[in-house]
Amino acid sequence: MKPFTTHEGKVAVLNRSNVDTDQIIPKQFLKRIEKTGYGRFAFFDWRYLPDGSDNPEFELNKAESKGATILLAGENFGCGSSREHAPWALSDYGFQVILAPSFADIFHQNCLKNGLLPISLEQSVLDVIREQARQEGYQLKVDLENQTLTDNANLSKTFEVDPYWKDMLLNGKDEIDLTLYYQEDISRYETERRATFL
């Protein structure tokens, strides 16, 4: 994975609670075996009209959301089934950070395992960011090393992140990378175990 250190970007607001993974990436698109290419299907049922054209009423289709790399969502974001395709779709769409009051546990873990940073914040802070996001040129900066959020409108806020996942993100590691770090030890153990059965 690509290391995550800092990110500065535009904020898109999806002011909905209990957005489940079937809305993030509907089940009919789960047949693919790649991790890429899911972005065009993200929020499919909300994003497109029956004729395939963009739904002008959907929040992320509005001009102020175009090019956003930070998603601000409502409580319990990512609930429902545990499909890992949901963070794949969000990342492929272009999001690198998700802000919400709370996340479904499995979705939260799946995000971290796939290099997407979910940040839980108090509703009052999210309300400030949501209001500022309406302003032309608004940018929010996420600094993972210092665990801070700052913007060009005097916001300065710290956030919590599990130290294990912080280290993994900062170094661009996933759990396979972590296992491979011990490849020599694993090989030595396998050799020794094999010798005891010969």
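Here is a friendly exchange about this predicted model, taken one topic at a time.

Colleague: Let's start with the annotation. Which residues does UniProt list for the swivel domain?

Modeller: The name in the UniProt record is "domain: Aconitase A/isopropylmalate dehydratase small subunit swivel", and the entry is unreviewed. Over that stretch the chain is 22% helix and 16% strand, with the end C-alpha atoms 31 Å apart. The record lists residues 1-123.

Colleague: Now the inside. Which element gives the most residues to the largest nonpolar core?

Modeller: This core has 30 residues. The elements giving two or more residues to this core are β2 (11-14), β3 (70-73), α3 (85-93), β4 (97-100) and α4 (105-113). With four residues, the one that gives the most is α3.

Colleague: Which residues does Leu90 touch, leaving out those up to four places away in sequence?

Modeller: Leu90 is one of the residues that touch the most other members of the largest core, a group that also includes Ile24 and Phe107. Leaving out sequence neighbours up to four places away, the contacts of Leu90 are Ile24, Phe43, Leu71, Phe77, Phe95, Ile98, Phe107 and Leu116.

Colleague: How many residues are in the second core?

Modeller: The second core is separate from the largest one. Among its members are Val97, Leu126, Ile129 and Leu155. Its size is 27 residues.

Colleague: On to charges. Which residue meets Arg16 in a salt bridge, and is that partner buried or exposed?

Modeller: Side chains of opposite charge can pair when their charged atoms come close. Arg16 lies in the loop between β2 and α1 (21-24), and its partner, 43 residues apart, is in the loop between α2 (44-47) and β3. Arg16 counts as partly exposed at 26% relative accessibility. The partner, at 2.8 Å from N to O, has 18% relative accessibility and so falls under the 20% limit for buried: it is buried Glu59.

Colleague: Which residue pairs with Lys157 in a salt bridge?

Modeller: Lys157 sits in strand β8 (residues 156-158), and the pair links distant parts of the chain, 35 residues apart. Lys157 is partly exposed, with a relative accessible area of 21%, and its partner is partly exposed too, at 41%. The two side chains meet at 3.3 Å, N to O, and the partner is Glu122.

Colleague: Why are Asp127 and Arg130 separated by about one helical turn, and how far apart are their closest N and O atoms?

Modeller: Both residues are in helix α5, and because they are three residues apart there, about one helical turn separates Asp127 from Arg130. Asp127 counts as partly exposed at 28% relative accessibility, whereas Arg130 is buried at 17%. The two form a salt bridge, and their closest N and O atoms are apart by 3.0 Å.

Colleague: How many salt bridges does the count come to?

Modeller: The pairs we have discussed include Arg16 with Glu59 and Lys157 with Glu122. Asp127 with Arg130 is another salt bridge. The count comes to five.

Colleague: One last residue. Which backbone nitrogen does the side chain of Asn55 reach?

Modeller: Asn55 is found in the loop between α2 and β3, and it is buried, with a relative accessible area of 16%. Leaving out residues up to four places away in sequence, Asn55 touches Trp46, Arg47, Tyr48, Leu49 and Asn61. At 2.9 Å, its side chain reaches the backbone nitrogen of Glu57.

Terms used. Residues numbered from 1 in each chain as written. Predicted model: local features only at pLDDT ≥ 70, side-chain atom pairs only at ≥ 80, totals over all residues. Heavy atoms only, no water. Core = buried A, V, L, I, M, F, W, Y, C linked by side-chain atoms within 4.5 Å. Buried < 20%, exposed > 50% of the residue type's maximum accessible area, 1.4 Å probe, protein only. Contact = heavy atoms within 4.5 Å. UniProt positions renumbered as here; feature names shortened; annotations may be inferred. Salt bridge = Lys/Arg side-chain N within 4 Å of Asp/Glu carboxyl O. Polar contact = N/O pair within 3.5 Å; in protein donor to acceptor, adjacent residues only side chain to side chain.
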